[in-house]
Amino acid sequence: MKLLLKSVIILDEKSPFHNKKTDIFIDHGIIKKIGKNLNEKADKEIKIPNLHVSKGWFDSSVSFGEPGFEDRETIANGLETAGKSGFSSVALNPYTNPVLDHSGSISAVKAKASHHPVYLYPVGALTIKSQGVDLAELLDMQEAGAVSFGDYKLPLRNPNLLKIALQYAQNFNALIQSYPQENRIAGNGMVNEHENSTSLGLKGIPNLAEELQITRDLYLLEYTGGKLHIPTISTEKSVKLIRDAKKKGLDVSCSVAIHNLLFTDEELKSFDANIKVLPPLRTKKDCKALIKGLKDGTIDMVTSDHNPIDVEHKKVEFDNALYGTIGLESAFGALSTIFEKEEAIKYLTAGKERFGIEESEIEKEAPVDLSLFIPGDSFDFSEKDILSSSKNSLFLNKKLIGKAFGVVTQKGFISI
C-alpha cells in the first residue's frame with residue numbers, strides 16, 4: 001500500500017523535522033520521502049487540519065480478555081481500539097483464562113494479532129497459572145515472543161521465588177515484573193486508606209502495602225542483579241524508593257497508570273465502580289509526586305493500564321465490583337490535560353527499549369511506525385468516544401484535550 005500524509009506536523013525531538021509541517025510518502029511500509037509539496041501517486045492520501053505525527057506510541061500494560069474473557073474484549077477489537085487510540089504497539093497482560101504461562105499460549109495470541117496493523121507483544125505469566133507457586137517456562141515463552149514476565153496485579157508473596165526468577169532470567173536477559181502490593185498489609189482493602197475511605201465506610205489499602213513490597217523487591221534486586229520492572233506505582237514514597245535505587249545503579253524501571261496521575265480518592269464520593277482500580281487512586285500529594293517522577297525520569301513510562309470489565313462485574317455494589325478501567329481511548333486526551341503536547345508524546349513513546357522492542361526513526365528508508373493525532377481542542381469524554389467492547393471508563397464525563405487519529409505501521413494503516 002502507498003500512503004501520502006499531507007501537511008502533517010512531526011513531533012520528534014531527535015528528528016531534523018521536529019515541529020515542521022511537511023508531507024510523508026510511505027511505500028509498502030517504508031518511509032520513502034519526507035518533504036513539502038510531494039505529488040507521489042498513492043493508494044490513499046490523508047490531509048486533515050492540524051494533523052500531527054510522532055513515533056509510534058507504546059502501552060506497556062493492556063488486557064484484552066481473550067482467551068477466556070472474550071465477552072470483555074477480543075484481541076481483534078482490542079487492537080482496533082489501540083490503533084484508533086494512537087497506539088502502534090501494546091504489551092498484552094496474561095490476564096486471560098487460561099493464563100498465558102507457556103510457549104503455546106504466547107504463540108497463539110501472537111498468531112491472532114499477526115495481520116493487524118498494531119503490534120502485540122505478550123507478557124508471559126511469571127508463575128504457572130499466575131498462582132505464585134512455581135516459575136513458568138520463561139525461556140520457552142521468550143523464544144515464542146514474550147517480552148517480559150509478570151503475574152498481572154498479583155504480587156509474589158514468596159520473596160525466594162522472585163530471587164530465583166531474577167537470577168534465572170539473567171541467562172537470557174529477560175525483564176521480570178513484580179506487582180507492588182503486600183497483600184498481608186492490604187488485607188481486604190479496596191480503596192486508598194485515607195480520610196475519604198473512613199468517611200465513606202470503605203476498607204482502605206495503605207500506602208505502606210505498596211512501599212513495603214517495593215522495598216523488599218529492590219533489596220532482592222540489589223542482591224541478585226538482573227532487570228526488574230515495577231508496574232503502576234501510585235505513592236510519593238514509591239517514587240523516592242525507586243529514585244534512590246536508580247542512583248545506586250540498580251537496573252529497575254517502573255510505570256504509572258495515567259488515571260493515577262490525574263485523579264484522587266475524592267472521586268470515591270460518587271461510589272462509581274469504574275473508580276475501583278488497582279493500585280487505588282491516592283491523594284493530591286501522591287499525584288504531584290508521580291508527575292514530578294515522570295518529569296525527572298524516575299518513572300520510565302506511562303500506561304493506560306487498559307482493563308475491560310463486562311457490565312455484570314462492574315454495574316454491581318462497589319464491594320463486589322472487579323478492579324479495572326479501560327484507558328486506551330482516553331490516554332492522549334488525559335495526558336494532554338496536564339502536560340504540553342511534546343511532553344505527552346515523550347511519555348507515550350517511552351518504554352519500547354526497556355521491553356526489548358525495536359524503535360523506528362522518522363527518516364527516509366526507515367520502516368514506518370507512526371502515531372497520528374490532533375492536539376488542541378478540549379471535549380467531554382463520553383460513551384460515544386469509547387471503542388472498547390466494555391464501557392468501564394473512569395474518564396467518562398471528564399474534560400480531555402486532543403484526540404488520536406490512528407497509526408501507520410509496516411503492517412498497515414488504521415484510523416478513526
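The legends below describe several close-up views of a predicted model.

**View 1. Helix 7 and helix 8 pack side by side at an angle of about 10°.**
Helix 7 covers residues 207-224 and helix 8 covers residues 236-247, and the axes of the two helices are 9 Å apart. Angles under 35 degrees count as roughly parallel, and helix 7 and helix 8 are therefore described as roughly parallel to each other. On the side of helix 7, the contact is made by Glu210, Glu211, Ile214, Thr215 and Leu218, while helix 8 contributes Lys237, Ser238, Leu241, Ile242 and Ala245. Sorted by character, the residues of this contact comprise 5 nonpolar, 2 polar and 3 charged.

**View 2. Helix 8 also packs with helix 10, here at an angle of about 30°.**
Helix 10 is formed by residues 284-295, and its axis is 8 Å apart from that of helix 8. This pair of helices, helix 8 and helix 10, is therefore again roughly parallel. The residues that make the contact are Glu236, Val239 and Arg243 from helix 8, together with Lys285, Asp286, Ala289, Leu290 and Gly293 from helix 10. The contact of helix 8 with helix 10 is made up of 3 nonpolar, 1 polar and 4 charged residues.

**View 3. Helix 4, residues 159-169, carries a set of buried residues.**
The buried residues of this helix are Leu161, Leu162, Ala165, Leu166 and Ala169. They span an arc of only 135° around the axis, which places them on the same side of helix 4. Their packing partners are strand 10 (175-177), helix 7 and strand 13 (227-230), and helix 7 is also the helix that packs with helix 8 in the view of that pair. At the N-terminal end of helix 4, Asn158 acts as a cap, with a side-chain oxygen that lies 2.9 Å from the backbone nitrogen of Asn160.

**View 4. Glu66 and Pro67 are joined by a cis peptide bond in the loop between strand 6 and helix 1.**
The omega angle of the bond between Glu66 and Pro67 is about 5°. Glu66 lies in the loop that runs between strand 6 (57-62) and helix 1 (75-84), and Pro67 is found in that loop as well. With a relative accessibility of 9%, Glu66 counts as buried, because buried means under 20% relative accessible area. When neighbours within four places in sequence are left aside, Glu66 is in contact with Glu73, Thr74, Ile75, Ala76, Thr96 and Lys112.

**View 5. A cis peptide bond also joins Asn97 and Pro98.**
For the bond between Asn97 and Pro98, omega is about 10°. Pro98 is located in the loop between strand 7 (87-92) and helix 2 (103-113).

**View 6. Glu182 is placed in the loop between strand 10 and helix 5 (183-186).**
At 11% relative accessibility, Glu182 counts as buried. Not counting residues up to four places away in sequence, Glu182 touches Ala209, Leu212 and Gln213. The C-alpha atom of Glu182 is separated by 9.9 Å from that of Ile205, a residue 23 residues apart from it along the chain.

**View 7. Glu359, in the loop between helix 12 (341-348) and strand 16 (369-380), makes a polar contact with Lys55.**
The polar contact links the side chain of Glu359 with the side chain of Lys55, at 3.4 Å. Beyond its neighbours within four places in sequence, Glu359 is in contact with Lys55, Thr349 and Lys352. Glu359 is partly exposed, with a relative accessible area of 31%. Between the C-alpha atoms of Glu359 and Phe172, which are 187 residues apart along the chain, the separation is 21 Å.

**View 8. Ser7 and Lys153 each have a positive phi value, although neither is a glycine.**
Phi of Ser7 is near 50°, and this residue lies in strand 1, which covers residues 2-10. Ser7 is partly exposed, and its relative accessible area is 27%. Phi of Lys153 is near 60°, and Lys153 has its place in the loop between strand 9 (148-149) and helix 4. At 15% relative accessibility, Lys153 counts as buried.

Definitions and conventions:
Residues are numbered from 1 along each chain as its sequence is written. This is a predicted model: local features need pLDDT of at least 70, side-chain atom pairs count only at pLDDT 80 or more; totals for chains, interfaces and linings use all residues. Side-chain values use heavy atoms; hydrogens and water are left out. Axes are lines fitted to C-alpha atoms, for helices over the stretch in contact, and angles run from 0 to 180 degrees between N-to-C directions. Helices (H or I, at least four residues) and strands (E, at least two) are DSSP runs, numbered from the N terminus. Angles under 35 degrees count as roughly parallel, over 145 as roughly antiparallel, 65 to 115 as roughly perpendicular and the rest as oblique. Contact means heavy atoms within 4.5 Å. Ala, Val, Leu, Ile, Met, Phe, Trp, Tyr, Cys and Pro count as nonpolar, Asp, Glu, Lys and Arg as charged, and the others, Gly among them, as polar. Buried means under 20% relative accessible area, exposed over 50%, partly exposed in between (1.4 Å probe, protein chains only). The arc is that of the directions from the helix axis to the C-beta atoms. A polar contact is a pair of N or O atoms within 3.5 Å; within protein, one must be able to donate a hydrogen and the other to accept it, and residues adjacent in sequence count only if both atoms are side-chain atoms.
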